[in-house]
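Trainee: I would like to learn how to read the empty spaces and the sheets of a protein model. Could we go through one together?

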Amino acid sequence: MNLSILHISDLHRDRKNPIRNDVLLDSLENDCRHFSAEEDPRVRAPDLIVVSGDIIEGIKSNVPQPEVCLREQYDQALDFLSQLAESFVGGNSTRVVIVPGNHDVSSYHLEKSLESVDILPDRKTGLVKELFTPGSALRWSWRDLQLKRIVDPQMYKERMGAFAQFYSDFYEGQRIFDLDPAKQVDIFDYPEFDLTIVGFSSCYNNDLHNRQGAIHPACIAEAGNRLRDPLFSKRLRVAVWHHNTEGPPSRSDYMDPDITQNLIDRGFTIGLHGHQHRPQYLDTRFRHGIERKITVISAGTLCGGPDFKHGRAYNIIELSIPDRTGCLHVREMQNDNLNLPIWGRRALPPNTRSHYEFQYDPPPPPSSTLSESTAVLIEAQDLHINGEYKKAADRLTAVLNEEKLARPLLLDCLFQIGDTESLLDIFDPPSNEAEAIHLMDALWNNGKRQRLGQVLDTPFIAQSNDPSVAAIRKKYIARLR
């Protein structure tokens with residue numbers, strides 16, 4: 001297997017049996033030692049981490065100082081996930097995919113956005129029809145036996161505000177979670193693994209009074225549109241969300257299965273979620289004429305109350321992307337002390353083995369409308385990923401004027417093979433900061449002092465506020481004196 005994903009979910013702490021961050025992290029590190037070095041079969045240590053929602057326990061609508069309570073819970077989660085990333089993926093937050101869950105929806109902000117609706121006899125039929133209309137602003141509160149309406153849409157959006165701040169903090173401002181539900185989608189691309197993961201929020205219109213999970217249609221459309229970019233044409237597509245895709249008749253807190261049909265139609269091959277507090281493996285077939293499926297895998301709860309006949313659990317998912325095969329390893333608590341867990345192997349019924357091997361569909365075929373230059377660009381990117389920089393550079397040079405993405409890729413290829421002569425021919429004058437830095441180094445290394453002085457005097461470099469450009473500029477001005 002050439003890729004391993006640590007899949008955790010439902011981090012919200014069990015109120016009766018909370019667990020410390022340092023204890024939880026140590027138990028996971030210790031378990032990694034078991035499965036990667038001691039057990040048979042050995043399991044590849046994680047390359048990526050997926051966190052499929054319910055980051056915190058959440059707050060009640062009447063809690064004192066709600067903003068403070070939310071901040072404290074997210075600070076605890078931020079500390080844990082930052083340490084987890086440090087332990088398993090070298091502190092690289094780009095290798096961690098996070099989506100929200102229903103526990104991340106603030107009930108306090110929900111209630112602040114509502115007001116009661118009088119149910120007059122002549123309005124009953126119309127109100128009932130409106131209540132069950134998709135996207136309705138009406139909510140029925142069983143606790144109060146009252147009909148309510150969202151009258152402050154901005155406050156309703158703020159029910160995800162604390163999660164959005166946590167998201168920005170974890171990614172150090174490099175990624176944002178938009179409060180507009182139509183924009184709650186994020187793409188994590190890993191060309192080194194031929195893999196693209198898309199994080200979806202399944203909390204569209206979700207709250208304490210409307211428990212059904214849903215992904216905003218615009219988010220699915222946005223993902224489909226962006227993944228039609230030729231650069232993604234050969235990538236395995238993995239979708240991550242929170243809610244499960246099926247449930248018993250007495251429950252409504254799961255996602256409409258038609259959403260998974262739409263994900264299949266957009267070429268997603270694997271789906272990862274949580275919410276139900278138990279691990280599960282499903283193959284969901286496409287019902288609309290094309291022979292495709294999505295392999296859906298659920299993780300158990302890491303810190304919450306487990307489902308019936310299950311303990312706290314998490315998954316390790318190994319993938320062999322060239323062979324389109326995978327292996328699911330469920331790791332479950334083996335002892336009874338929820339405050340000090342010991343993890344071990346758990347068979348996933350009806351399978352009796354400690355791991356579950358599976359096959360998944362390939363990425364969808366690339367569009368037949370690809371231009372010849374785009375096809376060359378895709379080929380060159382594959383060569384670049386495989387370290388064949390000279391071959392990639394030769395192909396990129398031929399499409400430099402047709403494909404805007406060819407230029408930065410060619411710059412890196414020439415740098416990797418040390419071809420400074422070609423770099424000077426193509427990137428002088430520079431068009432951006434990266435080109436400027438490489439150009440100044442190349443001019444100095446090739447002994448072209450006069451041209452270097454001219455480049456340093458150009459407004460683009462002399463007036464640049466970019467810290468990297470400024471540092472290189474200062475270095476070479478001093479050397480030329």
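Mentor: We will go from the chain as a whole to its pockets and cavities, and then to its strands and one loop.

Trainee: What should I establish about the chain before I look at any detail?

Mentor: Begin with the origin of the coordinates: this is a predicted model. The protein chain has 481 residues, of which 50% count as buried, and its secondary structure comes to 16 helices and 16 strands. The C-alpha trace spans about 85 × 55 × 50 Å along its principal axes. For contacts between residues at least 6 apart in sequence, 67% join residues that are at least 24 apart.

Trainee: How does one find empty space, and what volume does the largest pocket have?

Mentor: The general idea is that rolling a probe the size of a water molecule over the atoms shows where empty space is left. In this structure, the largest pocket has a volume of about 930 Å³. Its lining consists of 31 residues, and those nearest the centre of the pocket are L131, T133, N205, N210 and Q212. Strand β5 gives the largest share of that lining, with four residues, while β5, α7 (217-227) and α8 (257-265) each supply at least two.

Trainee: Into which classes do the lining residues of the largest pocket divide, and by class, what does the lining of the second largest pocket have?

Mentor: The lining of the largest pocket divides into 13 nonpolar, 12 polar and six charged residues. The second largest pocket holds about 750 Å³ of space, and of the 32 residues that line it, N102, H103, R211, D253 and H275 are the closest to its centre. By class, the lining of this second largest pocket has five nonpolar, 14 polar and 13 charged residues.

Trainee: A cavity differs from a pocket in that the probe fits but cannot get out. How many cavities of 30 Å³ or more does the structure hold?

Mentor: There are two cavities of 30 Å³ or more. About 50 Å³ of space lies in the largest cavity, which is lined by E39, P41, V43, H329, V330, R331, R345, S354 and H355. Strand β14 (residues 325-333) contributes the largest share of this lining, three residues, and the lining as a whole divides into three nonpolar, three polar and three charged residues.

Trainee: Which residues line the second largest cavity?

Mentor: The second largest cavity, with a volume of about 30 Å³, is lined by L6, L28, F35, P46, F88, Y314 and I316. Helix α1 (21-38) and strand β13 (313-320) each supply at least two of these residues. The class division here is seven nonpolar, no polar and no charged.

Trainee: Now for the sheets. In what order do the three strands of the open sheet stand?

Mentor: A useful general point is that in a regular strand the side chains alternate between the two faces of the sheet. In this model, three strands form an open sheet in the order β4-β6-β5, with antiparallel pairing. Strands β4 (114-116) and β5 (138-141) stand at the edges with a single partner strand each, so one side of each is left without a neighbour in the sheet. From one strand to the next, the twist averages 35°. Helix α4 (residues 124-131) packs on the sheet, where it touches β5 and β6, and its direction makes about 100° with that of β5. Three bridges join β4 to the antiparallel strand β6 (residues 146-150), and the bridge partner of L114 in β6 is I150.

Trainee: Why is strand β7 described as largely enclosed?

Mentor: Five of the six residues of β7 (residues 185-190) are buried, so this strand is largely enclosed by the rest of the structure. Strand β7 pairs with β8 (residues 195-200) in the antiparallel sense over six bridges, with I187 opposite V198 in β8. The hairpin of β7 and β8 has four residues between the strands, and D194 there takes a positive phi near 55°.

Trainee: To finish with a loop residue, is P322 buried or exposed?

Mentor: P322, which lies in the loop between β13 and β14, counts as exposed because its relative accessibility is 62%, the cut-off for exposed being over 50%. The C-alpha atoms of P322 and P306 are separated by 35 Å, with the two residues 16 apart along the chain.

Notes. Residues are numbered from 1 along each chain as its sequence is written. This is a predicted model: local features need pLDDT of at least 70, side-chain atom pairs count only at pLDDT 80 or more; totals for chains, interfaces and linings use all residues. Side-chain values use heavy atoms; hydrogens and water are left out. On a 1 Å grid over the protein atoms alone, a cavity is a set of points where a 1.4 Å probe fits but cannot get out, and a pocket is an open set with protein on both sides within 12 Å along at least five of seven lines; lining residues have an atom within 4 Å of a point. Grid points are joined across faces, edges and corners, and a volume is the space filled by probe spheres set on the points. Ala, Val, Leu, Ile, Met, Phe, Trp, Tyr, Cys and Pro count as nonpolar, Asp, Glu, Lys and Arg as charged, and the others, Gly among them, as polar. Two strands pair if DSSP finds at least two bridges between them. Axes are lines fitted to C-alpha atoms, for helices over the stretch in contact, and angles run from 0 to 180 degrees between N-to-C directions. Contact means heavy atoms within 4.5 Å. Buried means under 20% relative accessible area, exposed over 50%, partly exposed in between (1.4 Å probe, protein chains only).
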